[in-house]
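Me: I would like to go through the reasoning behind some labels on a model. Please set each value against its cut-off.

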Amino acid sequence: MDSGRVNPAQKLEAAGIPGVKTVHYNLKEPALMQAAVRRGEGEIGQGGTMLVSTGQYTGRSPEDKFVVDEPSVNDTIWWENNPPLDPDAFDRLHADMLAHMEGGEYFVQDLFGGADPDYRLNVRLVTELAWHNLFIRTMLRRPADEELDTFVPEFTVINCPSFNSDPERHGCRSDVIIAVSIEKKLILIGGTEYAGENKKSVFSLLNYLLPEQGVMPMHCSANHAHGDADDVAIFFGLSGTGKTTLSADPTRVLIGDDEHGWSDNGTFNFEGGCYAKTINLDPKAEPQIYATTQKFGTVIENMVYDEHTRELDFKDDSLTANMRCAYPLHYISNASNTAMGGTPRNIIMLTCDAFGVLPPIARLSPAQAMYHFLSGFTSKVAGTERGVTEPQPTFSTCFGAPFMPRRPEVYGTLLREKIAESGATCWLVNTGWTGGAYGTGSRMPIKATRSLLRAALDGTLNEGDFRRDRNFGFEVPVEVPDVAEVLLNPRRTWHDKMAYDKQAGKLVRMFAENFAQYEEYVSDDVLMEKVQVGLHYYS
């Protein structure tokens with residue numbers, strides 16, 4: 001049985017997926033929610049939200065993601081970061097998954113990855129769970145009904161959580177699998193119900209395909225000034241650093257909260273929705289995001305709620321600290337209608353420093369920007385990945401290593417070229433700890449971060465005085481309106497100044513040791529930044 005609108009030539013049978021008993025094509029939100037409840041996948045919450053749990057896995061499984069080692073991609077994949085899968089093993093995996101799907105009920109969404117028609121990717125998602133179909137319909141770009149009649153998928157993602165891979169037969173690590181075949185234009189996901197794997201698989205595809213077209217794919221949020229779509233700011237950062245919160249500034253227009261491209265046309269969102277963390281979500285500090293948790297069709301993932309009233313508990317992290325909500329972009333009142341903007345004027349690199357060493361904001365030279373982009377220093381926050389229960393300092397190159405199929409310097413060089421062409425100003429912003437490391441200090445006040453960003457984006461910060469940071473050599477403002485002066489010098493926020501110096505020295509050494517892997521790939525001025533970091537600290 002079929003339901004929904006679809007290109008007749010692109011039904012599953014024609015696409016090489018035979019034997020599925022019931023297929024629902026391109027259902028919209030009400031029908032998908034009805035199906036999810038009928039199938040026992042979730043419940044309707046206040047305001048018509050969809051309340052779901054992902055079961056055993058409440059975060060991504062990066063160690064279970066593989067790229068098929070095919071001739072056409074062998075020389076272009078960053079294999080140290082993307083474990084290879086033998087093509088024969090992938091074929092066995094594919095055949096076994098299709099056999100597992102026979103006689104079942106599946107849901108199909110045909111969607112765009114990318115708001116810019118010049119660069120968007122036609123993607124088909126085939127999901128076992130109705131709520132996964134709702135999730136990905138929310139997160140990607142939705143074609144108009146008439147576009148579905150002629151829609152031809154360029155890549156297909158099959159997500160079957162009830163299928164468990166076999167390491168011996170399928171050449172993988174566990175019973176969870178995310179396998180990417182560029183040549184077959186196919187991604188297979190099995191063994192996990194965590195919905196984020198759907199969107200990140202598409203992001204990884206775009207990260208591979210777009211650089212060949214001169215487009216910089218970015219793990220970032222983006223916004224622009226009201227009335228000036230050319231005044232764009234982008235915010236690089238891993239989950240938990242503040243990309244969603246800081247880009248949803250009511251004084252600016254939101255382009256998107258997580259994944260974007262930077263082309264000769266300007267900036268464009270890959271997605272049509274947002275995927276926000278909800279732990280301790282504050283209706284006063286983040287009113288627009290909070291409001292989405294009671295709007296029709298929002299997917300509420302892994303949150304504890306009252307079984308009678310369906311009232312959400314934003315503080316109870318007994319299921320996971322990675323509780324989230326997925327909502328369409330238009331639920332944010334100041335969101336862009338086109339999800340596009342001009343060339344970035346400001347580039348913000350968000351870091352969550354669990355050491356409590358970095359200042360709340362610093363201005364970077366182009367060479368420093370590439371150094372910190374390739375370094376990608378931050379802290380993984382609790383719950384985002386399996387096994388992470390407290391902040392863990394880490395280096396995630398390009399602020400998104402798990403999603404980077406190509407070598408880091410490919411993205412670093414692209415970014416540097418675009419910074420040179422645009423003349424954008426680059427900033428490093430610490431949303432992590434101040435007054436001490438994790439466990440002793442406290443998180444950087446969001447009010448202070450907002451004030452610093454506002455001054456950076458409106459140009460007033462550039463007009464003030466700066467000091468040279470003795471640890472890293474970048475420039476730190478001396479005084480900023482509405483920000484306590486003591487916050488601008490992290491050493492002053494520590495009670496034990498010697499303890500701060502010890503932490504700073506440790507972090508400097510970590511930066512230098514991590515950057516050694518990029519030395520042969522970068523220009524002399526970027527390489528000098530590694531030398532300068534050590535000189536500034538030890539002089």
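**Labels and the values behind them**

Reply: Threonine 278 sits in the loop between strand S17 (273-277) and helix H8 (287-292). The model is predicted.

Me: Why is threonine 278 called buried?

Reply: Its relative accessibility is 0%. Buried means under 20%. Threonine 278 therefore counts as buried.

Me: What is threonine 278 in contact with, leaving aside its neighbours within four places in sequence?

Reply: The partners are Thr293, Met303, Phe314, Met323, Arg324 and Cys325. Contact here needs heavy atoms within 4.5 Å.

Me: How many disulfides does a search of the whole structure find?

Reply: The search finds 0. A disulfide needs two cysteine sulfur atoms within 2.5 Å.

Me: How do you know what to conclude for cysteine 160?

Reply: The closest cysteine sulfur belongs to cysteine 172 and lies 14 Å from the sulfur of cysteine 160. The cut-off is 2.5 Å. So the two are too far apart for a bond.

Me: And cysteine 274: how far away is the nearest cysteine sulfur?

Reply: That sulfur, in cysteine 325, is 8.7 Å away. Cysteine 274 is in no disulfide.

Me: Are cysteine 160 and cysteine 274 buried or exposed?

Reply: Cysteine 160 has a relative accessible area of 0%, so it is buried. Cysteine 274 has 1%, so it is buried too. The limit for the label is under 20%.

Me: Now the cavities. How many of 30 Å³ or more does the structure hold?

Reply: There are 3. The largest contains about 90 Å³ of space, and the second largest about 70 Å³.

Me: What makes a residue part of the lining of the largest cavity?

Reply: A lining residue has an atom within 4 Å of a cavity point. Among those that line the largest cavity are Arg60, Glu197, Ser204 and Phe403. Helix H6 (residues 196-209) gives the most, with 4 residues. By class, the lining has 4 nonpolar, 3 polar and 4 charged residues.

Me: Which residues line the second largest cavity?

Reply: They include Lys65, Val67, Ile77, Leu205, Tyr208 and Pro405. Strand S5 (65-68) and H6 each supply at least two. The largest share, 3 residues, comes from H6.

Me: How does the lining of the second largest cavity divide by class?

Reply: It has 8 nonpolar, 2 polar and 1 charged. Tyr and Pro count as nonpolar in this scheme.

Technical notes. Residues numbered from 1 in each chain as written. Predicted model: local features only at pLDDT ≥ 70, side-chain atom pairs only at ≥ 80, totals over all residues. Heavy atoms only, no water. Buried < 20%, exposed > 50% of the residue type's maximum accessible area, 1.4 Å probe, protein only. 1 Å grid on protein atoms, 1.4 Å probe; cavity = no way out; pocket = protein on both sides within 12 Å on 5 of 7 lines; lining within 4 Å. Points joined across faces, edges and corners; volume = space filled by probe spheres on them.
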